[in-house]
Every structure is written in structure tokens, then in C-alpha cells.
Amino acid sequence: MVLPAPLPALREVHVASFDPSDLPILRIKTDEDVQFWKGTRGYDDYGLFLRRLAASVVGYTLPYSDPEPNPAVSAMINLLDKLDSWIDEIPPLHTPQRFGNLAFRTWGKRLETECDGLLHSLLPAALHPSIPFISPYLLTSFGSFTRMDYGTGHETSFALFLLCLALLRFVSPEPGVERQLVLCVFVRYMRLCWRLQDVYKLEPAGSHGVWGLDDYSFLSYVFGSAQLRDQTEIAVSAVLRHPLPPTNLYFMSIMRILKVKSGPFHEHSSQLYSIATGVQYWSKVHSGLFKMYEAEVLGKRVVVQHVPLGGLLKWDISQNAPSTMTSATSSTAAPTQIPLMAATTAPWASSASYGTSIPSPASFTVAPSRIPPRSFATRLPHNLPSRPTGRRASPGGPFVPARAPLGPTASTALRGTVRPGIVPRTLASPPPATHAPAEGDDHRYSGPSESEARPSN
């Protein structure tokens, strides 16, 4: 068995290097901005951070208890516990809305008011100058207080919040601590978000319905499939045998779906069902989910446009990205590029055989002020030619449609003749009139007449 190469170390950011004018703000407004973001150092840092988190939990199960709990991890869990206690203090209002209880805005207003104080209690005094660069990610980690919804973009904000703490070395980016971030902190965050969704009836943000992986989350499947990646005792199809034990984040997420949704699993969660029936190995599931996360979450403007960027997550061109122009970059060396995966849909979502490389379509045109994004290995074209339905009478002969057009029917015989741009003034020709029997005629059918029955000479 070939062991994977060790991942590069995550870079360190010092408080003294902060630029007060480079606070995190909403920078993504167009699809071009999304492509530019994929070439920034902040994007590279996030991709490397997710891979390190996933690699740290391979082979570990839940519940997880580290023999040497990290003090920073314990402090973060205490912060999430405090946020959970606010739900008891702010009960839902009796409102008729199906989604979005107005009490969630009260909960969010309290978070906005006390966010800086919470971070002051969490971080040591030496890191207090970094609070304005961190608080925007914590504020956007639990849903939109205006729309009263929650989705994968908010989940991404929390992962970026953890990344900021790792860049500042509040938590050490080493496997033991990173494992606690996933199996302790992230699990606690998931349970808090589930309770917020249940109590305040939060609407899914930008859900794809039955065609999406999950209405609310995605990273739990990435980390859960990483836990199961190298083992062979549990088959991928085991997720169809309910109930599932809460031994990994993948199983926990599926049991959460079964709790909030009714009906057959293959109908309301067709993507997860396709994975369970079409992918044989957990390693394939894990790599495919990374691809899908980059394409369906990080590559969608409607998702990442709500994520603040800048500050710790540099909004500049990474030194590892190919550039066709000269740009000013920081003197700090960027880490080795570890992109998430190829920006394409998951292999089980396409008709191509698994692992087949499909030629990429023509690249889009970017403005001169933007750097072209780094190329990806595969991309599914969306303009595949449709397959003709029909046949040819002979080789090289005319094409014969599979079915001839229908003639006029009873529903179309009296329909007005319509020409493009002309208001119809006449009706189509009526059907031929039939002979009306005279008064007193016997309407009963008595067979053919004598002239009709007489044979012709």
C-alpha cells in the first residue's frame, strides 16, 4: 500500500503584519470574482487546511476523546456551549411562518453585540488585535439573521474561522490538534446548528432540493468519508441500512436527514443514494466529495458572495498561480499549492465511467484586471449534442424521423390559424358536414341499402 505524501505545513501569520485597511469584507460580486478568488493565497490556505483536517481523522471514530485535550479546543467548545445556552434564554415566538422564527433575529442580534467580548475571552491578550479580522467569520457561521436561513456558505464561514485561528497559531496545525478540531469542535458546531434549525425553523439557503447533497451542510460528509476512507469492513452501501450508528460524521448526517425528511430515501436524497449504489470504495467517495465541494459550494457565486474575505485570508494573487501580468504581492512566501480537487461535479453525477477524464470546454474570457484561474484536470461540458431520434433508410440516404407528425385532430380542427406576428381573424376550415336525415326518417341502422348490397357487373 502506497502511503500518501505528507501535506505541507500551514503558514503562520503574525499580528504585527496586519493591515488595518484590509479588513474582511464581501468581495465576491460576480462570477469573475469567484475565479479570481481561486487564484488567491487565501483560497490556497483554505484548501490545504481542509486536506489537513480530513487527513487527521482517517481511521478514527466517534465519540472521540483525546487523552490530552488541547486547552484552545476546550475553550472553543465552551464558547459553543454558551451560544447554545442562549437558545434556552430566547425561546421561539408563536408566529405563523413556516420557515424562520423571528426569535432567531434576537439570537443573532445578541451574537452581534457580544461577539467581540466572546473573542476577548477566547483569545490571549497578544491576539486581541486580530479580533476585527476574525469576528466577521464567526458572525456569519450560524445563518443569515435577515433571511433567517442556513446553508453551506455559513458552514464554510465557520471552517474559515477555524482556519484563522490556525494561521494565528491559537490552535497548532498538527494532526492531534486538527483531529480535535474536527471530532470535537466541528461536531459540537454541527449539533448547535441543528438545534438552531429545529428551534427557529431556519430555511435551507439556496437548496437544490432532491438534486443537492444536503439542504444544510456539506463538510460533514467530507470529514465523515475521510474517517471511513481506508477501512474495508463498512461498505459504501451500508448507509442504506438504517438506523446507522453515530460512529462518524457521514452516518450522523444521514441520520439527521432521516429525522427531518419523510418518504423513501432514494427520492428525497437521490445524490446520497447514487453514491451508496454507484461507488464501491470510500476513497472514491472522499475524493469525489472534495471535487463536488469545490464545484458546488466554493465555485458558486450565490454561495460564496456572502463570505467575507481579506485580512488573514489574503485577497491577492498566490505566488503558485500562473500569472500573465505583474502584480504586487506580499514578501511572505506562500505555501505550496494544494488545490481542493478538480472543479467538476462528482464522478457519480455524470454518465462517464468513474475516473474518466473528459475534455474541458473552451475557457472563458476574463478581464485584463483579473488573473486567469489555474486550469483543472477535468470539467464536464454542459453543451453536449443531443442524440438524434430516428434512422436512415439507407447509408447516406435521407433521415427518417422516428415518428411522423400527427394530422389534425378533433382538438385542433377548429383552432384558429395563427401566423407569427399576425392576429388570427379566421378559423380553420371546419370538418365536412354530414347528411342530416329528413324528418320522419328512421334513425336506426338497418344495414346496407339495396343498391349498395347489389354486386356490380
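Are α7 and α9 roughly parallel or roughly perpendicular to each other? Select both helices in this predicted model, taking residues 175–200 for α7 and residues 249–260 for α9. Their axes lie 12 Å apart and meet at an angle of about 5°, and because angles under 35 degrees count as roughly parallel, α7 and α9 are roughly parallel to each other.

Next, show the side chains where the two helices touch: on α7 these are V182, F186, V187, M190, R191, W194, Q197 and D198, which meet L249, M252, S253, R256, K259 and V260 of α9. Sorted by class, this contact of α7 with α9 has eight nonpolar, two polar and four charged residues.

Keep F186 selected and add F223, which sits in helix α8 (residues 219–227), 37 residues apart from F186 in helix α7, so that the pair links distant parts of the chain. The ring centres of F186 and F223 are 5.3 Å apart with the planes at 90°, and the pair is therefore edge-to-face. F186 is buried at a relative accessible area of 2%, and F223 is likewise buried, with 2% relative accessibility.

From this pair, widen the selection to W86, F104, W107, F142, F145, F158, F161, Y189 and Y200, which ring pairs link with F186 and F223 into a cluster; the structure holds 19 aromatic pairs.

Finally, turn to the largest nonpolar core, where L83, W107, F142, F161, F223 and Y250 touch the most other members among its 114 residues. Helix α7 supplies the largest share of this core, 15 residues. Centre the view on F142, whose contacts beyond four places in sequence include L80, L83, F104, W107, Y150, H154 and Y189.

How values were computed: Residues are numbered from 1 along each chain as its sequence is written. This is a predicted model: local features need pLDDT of at least 70, side-chain atom pairs count only at pLDDT 80 or more; totals for chains, interfaces and linings use all residues. Side-chain values use heavy atoms; hydrogens and water are left out. Axes are lines fitted to C-alpha atoms, for helices over the stretch in contact, and angles run from 0 to 180 degrees between N-to-C directions. Helices (H or I, at least four residues) and strands (E, at least two) are DSSP runs, numbered from the N terminus. Angles under 35 degrees count as roughly parallel, over 145 as roughly antiparallel, 65 to 115 as roughly perpendicular and the rest as oblique. Contact means heavy atoms within 4.5 Å. Ala, Val, Leu, Ile, Met, Phe, Trp, Tyr, Cys and Pro count as nonpolar, Asp, Glu, Lys and Arg as charged, and the others, Gly among them, as polar. A nonpolar core is a set of buried Ala, Val, Leu, Ile, Met, Phe, Trp, Tyr and Cys residues joined through side-chain atoms within 4.5 Å. Buried means under 20% relative accessible area, exposed over 50%, partly exposed in between (1.4 Å probe, protein chains only). Rings of Phe, Tyr and Trp (its six-membered ring) pair if their centres lie within 6.5 Å; planes under 30 degrees apart count as stacked, over 60 as edge-to-face and the rest as tilted.
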